[in-house]
Amino acid sequence: MPLVKRGTIVADEFIALADDAPAPDKGAVIVSAARFIAEPEVWLGRAAPLGVAWPNDRDVTELVPYLSRLALIALVFPKFRDGRAYTQARLLRERHGYRGQLRATGQVLRDQFLFMQRAGFDAFDVVKASDAEAFAATVARYSVFYAPTGDGRITVFRARLMAAARPAAVAAGRSGS
Amino acid sequence: MYAHDELDRVLVNERVTEFRDQVRRRLSGELTEDEFKSLRLMNGIYLQLHAYMLRIAIPYGTLSSAQMRKLAYVARRFDRGYGHFTTRQNIQFHWHKLADLPDSLAALAEVGLHGIQTSGNCVRNITTDQLAGVAPDEIEDPRIWAELFRQYTTLHPEFSFLPRKFKIAVIATPQDRAAIKIHDIGVALHRNAAGETGFEVMVGGGLGRSPFIAKVINPFVPRRDILSYIEAVLRVYNQYGRRDNLFKARIKILVHELGVAKFTEEVEAEFRQIRGGALALDDEVVADIAARFSYPAYEKLADAPPELARAANDERFSAWRRNSVARHKVPGYAVVTLSLKPTGGTPGDATAAQMETIAGLADRYSFGEIRVAHEQNLVLPHVAQRDLPVLWRALDAAGLATPNVGLISDIISCPGLDYCSLSNARSIPIAQELTRRFADPQLATLIGRLHINISGCINACGHHHIGHIGILGVDKNGEEFYQITLGGRADEGAVLGHLLGPAVPFDQVADVIEDIVETYLDLRQAPDELFVQTVERLGVTPFKERVYATR
Amino acid sequence: MTSPLQQKIKIAGPSVVTANRTHDGVVIWRTASGWSTALADAAVVRIADEARALLGAALADDIGAVGPYIAPVEIAADGTISPGNLRERIRVGGVTITLPAMA
C-alpha cells in the first residue's frame, strides 16, 4: 500500500511491528496501543522514532502524557464508512496539540482524502495505487470550506467578513493551505 | 430569500465536477458499486426499483421562482416530467439515468441547487417552519439559523461518516410546524427575560423501527454558542453511536441506551471544551448571514381589501380562502398554501407544467418566492390580499387549489412500493383511494383537522407514527397489509400514535378509515373537538371495537 | 458487508437473478451469458447450487449491474415466466398508478 506524505508517494521509514514480534534494536517502529500502554517508557526509551497504532474505539486522551515524544500516531478506518478516527484526529491535533505524524490507515480511499486532511491527517496509507497517484489533484478539488478545523484553511464565514473589510480577500479566502 | 454568493456557487460547482469524475470512475469500473454507493448517496442518488432517484435539497424549504423553473426543466429533460416533494422539504425525481446525473446536477447548480447530503450518514438538509419570515408570532426568522447550520454542516470533515443519518430542524415560534421533536436535533429559538435569544435543544427524536420523541437536553443555549453545542452533540454521537447494528445506529438509540442524564453530561463536558472557540458566533457573523436574506418591499396595504369582499360571493373561492390562506405578519398580505393533494393524485407530486405555472404566479404575486412544507404542499408566502381572487383562479385552473389543506385528504405519503426498493407495500394507491372517499369538501370540512400519514415500510418516511391516523404497510406472506395507529401528532405536543389492532389487507384500508372517522363523528363532544383530541380523551378502544366488530 | 454469495442460498421454487443496469438503472435479468431487459430471456434455476452459480456470474459483473439478487418466478404450462411476488411484478410492470402525462 503506497504511503502518501506532503502530497506525494514516499517510502515508509516505519516498520509496523506485529504483537508477537520482538522489538528490533534500532529503526523506527509502530507498535499496537495495548503493547505501548503496557510499557510506554520502555518503548519511548528506544533510540528511534516511535509510532503507536491506536484503535478507533479507544479514548485518545490516554496518549496525552506521551504526545510530545511520539513521532507517529496511526489511526484506523476499518471501513471507510466508519468515521470515528476523524474525531480522534481533530482531538489530537486541535485539543491536545499533537505535532507528530498523524497517519490514516485501513480503508483509505481517494474520496476521503480531503476530509482526512482537514481533520489533521498528514500521512495516508492508501489502498489503491491509482488513488495515491491522484492525491494532490484530489485534495485540490475544493476551494471553499465552511466548517472550521485546525487545518488553517480559511472558512467562508471568515472570508466573507474579511471581504467586507477588504474586497480582495475573497479570492485569498479561496486558497487552500 | 437567501442570496447565494460566489463562494456558495463555487462549492456547488466543485461538487458537480467531483461527482462527474466519480461517475466516470464508476462507469469505467475504477470504483466498485460498494465504494461508489456512499459517494452517490452523499449526492442524493438512490437506486430505486426502476431507475436512479435524485433527491435535491431545498434548504429550509425556500425556493426562488428561477429555481422552480430549473426543477421543471430537469423534470422534463432528464426525468419523466414531474417531481415529488417530500416530508423533508426536498424534491426527488424518480427516473434518472446515472449517465445523465452529472449534467442534471450541473443544470441545477446554475441556480444553486444540489443534492449534497440529501442521503448518506451525514447531516441532512436543515428543515424549518414553512412560514419562516412571515409568521406573525415568530421571534426572528429561523432560516438565518438554518442557513448557518447548513453552511457549518456542509462537507463537514469530521461528521460526514456518522453512524447513521442525522436530521436537524429549527423553529422560532411557540407553535411547531416543522415537527422538530422527531429530529435527531430539534432546536427552538426562545427569548429569555433579559431579552437575549437562545435555543432550547432537543435530541434523539426519530421515527423508523424504534420511534422516539426528542428529549430536551438544554433549555437555553445562547445563540453565540449554538454551533459549538451542535458540534458537541455530533462529536459525542460520532464517537459513541452504535456502528454494529444498522437499526440501532441513530442517535435516538444512543440517548436511550445511555440515558438522557448521562448523554447530556457527555455533551455538556464536550461543550465546555469547545465553547468560545472557532465556532463561536460573533454578532457580526450572524449579521452577515442575516444580511444575505432579502425581504420583499411590501406595499402599505390594509387588511380585508374590497377585492376580497367582492369575491366573497363565490362559494368555491371562499371555501378555498377559509382553508388555504393564513395570516401574514404584514397587514394586507396573506400566506397561501398550494395543495399538492388533488383527489386521486399522488401526494406531493407536481408536474413540470405546474412547476412553471407556480414559478410564474410566484413572480407575479409572491415576490418570486415559494416555500415547501413538510406536509408535501407548496406555499406562496407573500401574497397581497387583493390578489387572492385572481391568484385563486389561476391555481384552480392548474389543479393547485384543492381546498383540503390540513384536512383528511391532505395526506402525507411516502412513494411506497411503487418506486422504493426498501418498501414492503404500496402507499400511493391507498392515499389515492382515501382522497376519493373523502373528496366531498363539505364532508372534509365537517370532519375538521385530521392528518393521515402513510408509510410503505418501517423506515417511516411518511411519518405514520405521528399522523392523527397512521398507516404502515407491512408484508404478510407476500400480501400487502396495513397497521393502523391513532392519536399521533407532530406539533409542539408531539406524541406517537397507538396501534388500533391487527393489520388489515390492502382492499379494506379505506373502509376501515371510514369506520374510524364515523366513530369519531359519533363520539366527539363538540364540532370543534379535533379527531386527535377525541382519541386522546377516549383512547383507541371505542375505535377498535367499531372497526373489528364486523371484521 | 457479507457478500451475497457467503449468505446461505435457499430457493423455494423456480428463480431468476435480477439487478438494475448500472448506467441507467433499468431492471435487468441474468441470462445464460449476460443480461436482458426482458424477463422472458432470464435463465431459470431450480436448485440452490444453480442459483449460486448464476448469482456468482451476475456479481462478477460489478461494472454492468447493481445489486444482483435471486427472485422467485412462476412458470406457466406454456413456459411463460412471470414474476413471483408483488415487488417483482412492479419491477416488471412498472408503477401501479397513473403517471402524469409528459407536458
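Ala, Val, Leu, Ile, Met, Phe, Trp, Tyr, Cys and Pro count here as nonpolar, Asp, Glu, Lys and Arg as charged, and the others, Gly among them, as polar. The model is predicted: local features need pLDDT of at least 70, side-chain atom pairs count only at pLDDT 80 or more, and totals for chains, interfaces and linings use all residues. Residues are numbered from 1 along each chain as written, chains are lettered from A and ligands numbered from 1 in written order, and side-chain values use heavy atoms, without hydrogens or water.

**View 1. The second largest cavity is lined by residues of chain B.** Its space comes to about 100 Å³ (a volume is the space filled by probe spheres set on grid points joined across faces, edges and corners). A cavity is a set of points on a 1 Å grid over the protein atoms alone where a 1.4 Å probe fits but cannot get out; lining residues have an atom within 4 Å of a point. The lining includes Ala57(B), Pro59(B), His114(B), Arg124(B) and Arg150(B). Ile116(B), Val123(B), Ile126(B), Thr153(B) and Thr154(B) are also among the lining residues. By class, this lining has five nonpolar, five polar and two charged residues.

**View 2. The largest cavity is lined by residues of chains A and B.** The model has five cavities of 30 Å³ or more. About 240 Å³ of space lies in the largest. It has 24 lining residues; closest to the centre are Phe115(A), Tyr142(A), Arg15(B), Glu18(B) and Leu155(B). Two elements give two or more residues each to this lining: α4 (113–119) of chain A and α1 (6–28) of chain B. Helices (H or I, at least four residues) and strands (E, at least two) are DSSP runs, numbered from the N terminus. The lining of the largest cavity holds 13 nonpolar, five polar and six charged residues.

**View 3. The second largest pocket has a volume of about 780 Å³.** A pocket is an open set of points with protein on both sides within 12 Å along at least five of seven lines. Its lining counts 34 residues. Nearest the centre lie Gln175(B), Arg177(B), Glu375(B), Arg449(B) and His451(B). Helix α11 (315–324) and strands β11 (325–327) and β12 (333–338), of chain B, each supply at least two lining residues. The classes in this pocket lining are 13 nonpolar, 13 polar and eight charged.

**View 4. Helix α7 of chain A crosses helix α5 of chain B at roughly 115°.** Axes are lines fitted to C-alpha atoms over the stretch in contact, and angles run from 0 to 180 degrees between N-to-C directions. The axes of α7 (residues 156–165) and α5 (residues 142–153) come within 10 Å. α7(A) and α5(B) are therefore roughly perpendicular (65 to 115 degrees). Val156(A), Phe157(A) and Arg160(A) meet Leu148(B), Gln151(B) and Tyr152(B) in this contact (heavy atoms within 4.5 Å). Four of these residues are nonpolar, one is polar and one is charged. Of the two pairs of chains in contact, A and B share the most contacts. Chains A and C have none; their closest C-alpha atoms lie 10 Å apart.

**View 5. Helices α16 and α17 of chain B cross at roughly 75°.** The axes of α16 (residues 509–523) and α17 (residues 531–538) come within 10 Å. α16(B) and α17(B) are therefore roughly perpendicular. α16(B) contributes Ile516(B), Tyr520(B) and Leu523(B); α17(B) contributes Phe531(B), Thr534(B), Arg537(B) and Leu538(B). Five of the contact residues are nonpolar, one polar and one charged.

**View 6. Residues 169–177 of chain A have a pLDDT below 50.** Chain A averages a pLDDT (the predictor's confidence in each residue, from 0 to 100) of 92, and 93% of its residues score at least 70. Beyond near neighbours in sequence, the 169–177 stretch has 15 contacts in the model. Where pLDDT is low, the predicted coordinates should not be read in detail.

Note on methods. Parallel < 35°, antiparallel > 145°, perpendicular 65-115°, else oblique.
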